[in-house]
Amino acid sequence: MNIESQVQLKPFNTLSLDSIASHFIKVQSIQALQDALLFAQNNDLNVLLLSGGSNMMLPEHIQALVVAMDIQGIEFLNEDDQSKTLKVGAGQVWHDFVLWTTEQQLYGLQNLALIPGLVGASPVQNIGAYGVEAGEFIQSVEVFDRQFNQVKSISATDCHFAYRHSIFKDDPNRYVITHVVFKLLKTPDLKMNYGDLKTAMGDEVTAENLQKQVIQIRQSKLPDPKDYPNVGSFFKNPIINQTEFSQLIAKFPNIPHYPQTGNQVKIAAGWLIDQSGWKGKRLNQVGMFEKQALVLVNYANANLTDVKATYQAVQKDVFDKFGVHLEPEPVLFNEFGLIQNH
C-alpha cells in the first residue's frame, strides 16, 4: 500500500484550487480500497473520495486520507432483444465511456457526452444534460458499505435518483462506489427536446450525430478546464412551485422554463445569472464565463475564499432581482475532508 504524504491536489480538481492533502492514495481494486479505509480507521483519519475532481471545492489544507478511485474495466453481463447490461469500473473516464458505448452501438448516454469526471461519480449527482439523466440507464450501483464493512449492490430504485440527487448525497460517508451497472439500448431512442440541439441535428437524426452535436454545443459554450479551470455548471437550475412561477413570469415573461412533475417548474439558472449582470463579470480572480453565465471560472490561481466570495455575490444579486435562491452544484469540503454546507 503506497500512501503518500503532503500531496498537492491541484491536478486532481478541475477548479484547479491549491489544496495539500496530508495523506493520499490511488486505488485500483476493491482490496486496495479496503486496505486504505483500514489505514484511515487505524490512524483516525477521515476519508475524502476523489472521482475526477470535477464537482468539488477543496480547502487549502486537508487533514484526511484522500482516496483517488482508479478501478478500471468494462464487463458485459447479459443482454436481451432490446438491451445490453454491462458493469463499469468507477475509475473509467465518463466521456470516454460514452464514446465507447456509441462505437458499440449501445444507446442512451449520448446526450451526456463531454461531461467531465469519472463513471463512479455519475450516480452520486445523477448527472444530466439535454433531457437525459444517468439514472435512467443505471440498473444498479456496486459499493463498499463502510457501515457494515462489506461489498453490496444497490438497485437503481433504492438509489432514489432525482434531479442532481441520490442516496449517495444523503449519506456521503457511508458508501464508496466501485462499479456502476448500466442497461443500455440496442436501438436509439433519441432525446432532442432542447431547441439548440434539435436545430443542430438537422436532417441527420442518428445517435452518432446527436452525440456529435452535444459535444460541439458544449465545446462552444463551456470552457475546457485545462484552459479555464471550472466545474462545469456551477449552480443547479432552480425548481419552484407553480404559484412562485406564476408570480415570476408575470414580471419576467421571457424567463426560460421547463414543466416538471408535481406541479413544479424548472427555470434556467444561466438566464437568471445573465440577467443579473454576471455573464462575463469577474470578482478578482474568479468570474462567470463570458460564453456561459452558469460556469464559474478560476482565472488566476484563486483559492477557496475567492471562489466563495464570487458565487455568494452571484447568489445575492440573483435573489435581489428575482427572489430565487441559487444552489451550488459542487460539493464543498472542510479542512478535515468532510462535506459542509455552502
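Visitor: Which way do H2 and H7 cross, left-handed or right-handed?
Guide: In this predicted model, helix H2 passes helix H7 in a left-handed crossing, and the contact between them is made by His95, Val98, Leu99 and Thr102 on the H2 side and by Glu208, Gln211 and Ile215 on the H7 side.

Visitor: How do those contact residues divide by class?
Guide: The contact of H2 with H7 comprises three nonpolar residues, three polar ones and one charged one.

Visitor: And at what angle do H2 and H7 pack?
Guide: H2, which covers residues 94–103, and H7, which covers residues 207–221, pack at an angle of about 155 degrees, and their axes lie 10 Å apart. Because angles over 145 degrees count as roughly antiparallel, the two helices are described as roughly antiparallel to each other.

Visitor: Switching to pockets, what volume does the second largest one have?
Guide: The second largest pocket has a volume of about 810 Å³, and among the 32 residues that line this pocket, those closest to its centre are Thr14, Pro116, Gly117, Pro225 and Lys226.

Visitor: Which elements give two or more residues to that lining?
Guide: Helices H2 and H7 appear again here, together with strand E5 (61–69) and strand E13 (230–233), as the elements that each give two or more residues to the lining of the second largest pocket. By class, the lining of that pocket divides into 15 nonpolar, 11 polar and six charged residues.

Visitor: How many cavities of 30 Å³ or more are there?
Guide: The structure holds one cavity of 30 Å³ or more, and the volume of the largest cavity is about 90 Å³.

Visitor: Which residues are closest to the centre of the largest cavity?
Guide: Of the 13 residues lining the largest cavity, Gly108, Gln110, Asn111, Asp189 and Leu190 are the closest to its centre, while the lining as a whole has eight nonpolar, three polar and two charged residues.

Note on methods. Residues are numbered from 1 along each chain as its sequence is written. This is a predicted model: local features need pLDDT of at least 70, side-chain atom pairs count only at pLDDT 80 or more; totals for chains, interfaces and linings use all residues. Side-chain values use heavy atoms; hydrogens and water are left out. Axes are lines fitted to C-alpha atoms, for helices over the stretch in contact, and angles run from 0 to 180 degrees between N-to-C directions. Helices (H or I, at least four residues) and strands (E, at least two) are DSSP runs, numbered from the N terminus. Angles under 35 degrees count as roughly parallel, over 145 as roughly antiparallel, 65 to 115 as roughly perpendicular and the rest as oblique. A crossing is left-handed if the near helix is turned anticlockwise from the far one by less than a right angle, and right-handed if clockwise. Contact means heavy atoms within 4.5 Å. Ala, Val, Leu, Ile, Met, Phe, Trp, Tyr, Cys and Pro count as nonpolar, Asp, Glu, Lys and Arg as charged, and the others, Gly among them, as polar. On a 1 Å grid over the protein atoms alone, a cavity is a set of points where a 1.4 Å probe fits but cannot get out, and a pocket is an open set with protein on both sides within 12 Å along at least five of seven lines; lining residues have an atom within 4 Å of a point. Grid points are joined across faces, edges and corners, and a volume is the space filled by probe spheres set on the points.
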